[in-house]
Amino acid sequence: MESHGNVVHRGLLQTGDLYQYLLKTSVYPREPDSLKQIRTITSTLPRAIMGTSPDVGQLMTLILKLINPKKTIEIGVFTGYSALLTALNIPEDGKIIAIDHNRSTYEMGLPVIQKAGVEHKINYIESEALPVLDKLLQDPENHEAFDFAFVDADKNNYTNYHEKLLKLLKPGAIVIYDNTLWGGSVAMAEDSVTANRIGMRKYAIEFNELLAADTRVQISQVPVGDGVTICRRL
């Protein structure tokens, strides 16, 4: 089973063996060496579970290749796995506005990003995300200007991010929200949810209900990694 530090994962599959089979058979053989390097770096951290799951990364790669975005936003960067993945799969003149409040973790993966030759595509902004989104929205040229967004950050702000991103994304653009099944806890009785999941569980449930009712987007909730919801802006 894949492990991050002392935490062993099976994703949302029935067993760890099945998840390991998926990773070894379909994901790891196609994962670029630079992403493997960041994943290895991430695994040494106490909060390694915050890293993007490689099976989610593989799905993102496919989507990025399908839509070929040039202007993208990433909320929550951590060690840079998803930022590097996006940079590797967008055009040479593509750009990523990558927002995170903790640059120290990003700098752990930065040498790998630099070696991969894609640092010029990433505009890293050390900040809470909402002020950056508000600043982007102050410029009318940013309205409906972005092609893709990836959100893996504080779950209690997903609704706020969603509202602002819908103003920044052009019709037909894609936004992917990570951790929307929150370890499966969204479908558990509250008294059976582990302490590390209970705090954000209600926000995941509320956000899922919001997206299900949001007529501004077409959605698909996919049980890869910790659950992702893919939204196409209408």
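These legends go with a set of close-up views of a predicted model.

**Figure 1. The whole chain, before zooming in.** Start with the overall fold: the protein chain has eight helices and nine strands. Its C-alpha trace spans about 50 × 40 × 30 Å along the principal axes. The radius of gyration is 17 Å, which agrees with the value near 17 Å for a compact globule with 234 residues. Half the story is inside, as 50% of the 234 residues count as buried. On the outside, the accessible surface comes to about 11300 Å², and carbon and sulfur atoms make up 52% of that. Among contacts with a separation of 6 or more, 68% are between residues 24 or more positions apart.

**Figure 2. Tyr-158, Tyr-177 and Phe-207 form one aromatic cluster.** The model has four aromatic pairs, and two of them are in this view. Tyr-158 and Tyr-177 make a tilted pair, with 5.6 Å between the ring centres and 45 degrees between the planes. Tyr-158 comes from helix α7 (residues 158-168) and Tyr-177 from strand β7 (residues 169-178), so this pair links parts of the chain 19 residues apart. Tyr-158 is buried at a relative accessible area of 3%, and Tyr-177 is buried too, at 0%. Now look at the other side of the cluster: Tyr-177 and Phe-207 have ring centres 4.8 Å apart and planes at 75 degrees, so they count as an edge-to-face pair. Phe-207 sits in helix α8 (residues 195-213), so its pairing with Tyr-177 in strand β7 ties together parts that are 30 residues apart in sequence. Phe-207 is buried, just like Tyr-177.

**Figure 3. Arg-197 has a ring on one count and a carboxylate on another.** The charged end of Arg-197 sits over the ring of Trp-182, 4.7 Å from the ring centre. Arg-197 also meets Asp-226 in a salt bridge, at 3.2 Å from N to O. That bridge links distant parts of the chain: Arg-197 is in helix α8, while Asp-226 is in the loop between β8 (217-222) and β9, 29 residues apart. Are the two partners buried or exposed? Arg-197 counts as buried, because its relative accessibility is 16% and the limit for buried is under 20%. Asp-226 is buried as well, with a relative accessible area of 12%.

**Figure 4. Lys-71 lies over the face of Phe-146.** This is a small view with one thing to check: Lys-71 is 4.7 Å from the centre of the Phe-146 ring. For orientation, strand β3 covers 71-75 and strand β6 covers 146-151.

**Figure 5. Glu-144 and Arg-233 meet in a salt bridge.** The N to O distance here is 2.9 Å. Glu-144 lies in the loop between α6 (129-138) and β6 (146-151), and Arg-233 lies in strand β9 (residues 228-233), so the bridge ties together parts that are 89 residues apart in sequence. The two ends fall into separate classes of burial: Glu-144 is partly exposed at 41% relative accessibility, whereas Arg-233 is buried at 14%.

**Figure 6. Asp-93 and Lys-70 form a salt bridge between two loops.** The closest N and O atoms are 3.1 Å apart. Asp-93 is in the loop between α4 (81-89) and β4 (95-100), and Lys-70 is in the loop between α3 (54-67) and β3 (71-75), with their positions 23 residues apart in the chain. Asp-93 is partly exposed, with 46% relative accessibility. Lys-70 is partly exposed too, at 41%.

**Figure 7. Glu-31, Lys-36 and Arg-39 are linked in a network of salt bridges.** How many salt bridges does the structure hold? It holds eleven, and this view shows the ones that join Glu-31, Lys-36 and Arg-39 into a network. Helix α2 covers residues 33-42.

**Figure 8. Ser-34 in helix α2 and what it touches.** Ser-34 belongs to helix α2 (residues 33-42) and counts as buried, at 13% relative accessibility. What is Ser-34 in contact with, leaving aside its neighbours within four places in sequence? The residues to look for are Leu-84, Leu-88, Val-112 and Ala-116. Helix α4 (81-89) is the one to follow around Leu-84 and Leu-88.

Key
Residues numbered from 1 in each chain as written. Predicted model: local features only at pLDDT ≥ 70, side-chain atom pairs only at ≥ 80, totals over all residues. Heavy atoms only, no water. Phe/Tyr/Trp six-rings, centres within 6.5 Å; stacked < 30°, edge-to-face > 60°. Helix = DSSP H or I, 4+ residues; strand = E, 2+ residues; numbered from the N terminus. Buried < 20%, exposed > 50% of the residue type's maximum accessible area, 1.4 Å probe, protein only. Lys NZ or Arg CZ within 6 Å of the ring centre and 35° of its normal. Salt bridge = Lys/Arg side-chain N within 4 Å of Asp/Glu carboxyl O. Rg over C-alpha atoms; globule rule 2.2 N^0.38 Å. Contact = heavy atoms within 4.5 Å. Areas by Shrake-Rupley, 256 points an atom, 1.4 Å probe, with all protein chains shown as cover.
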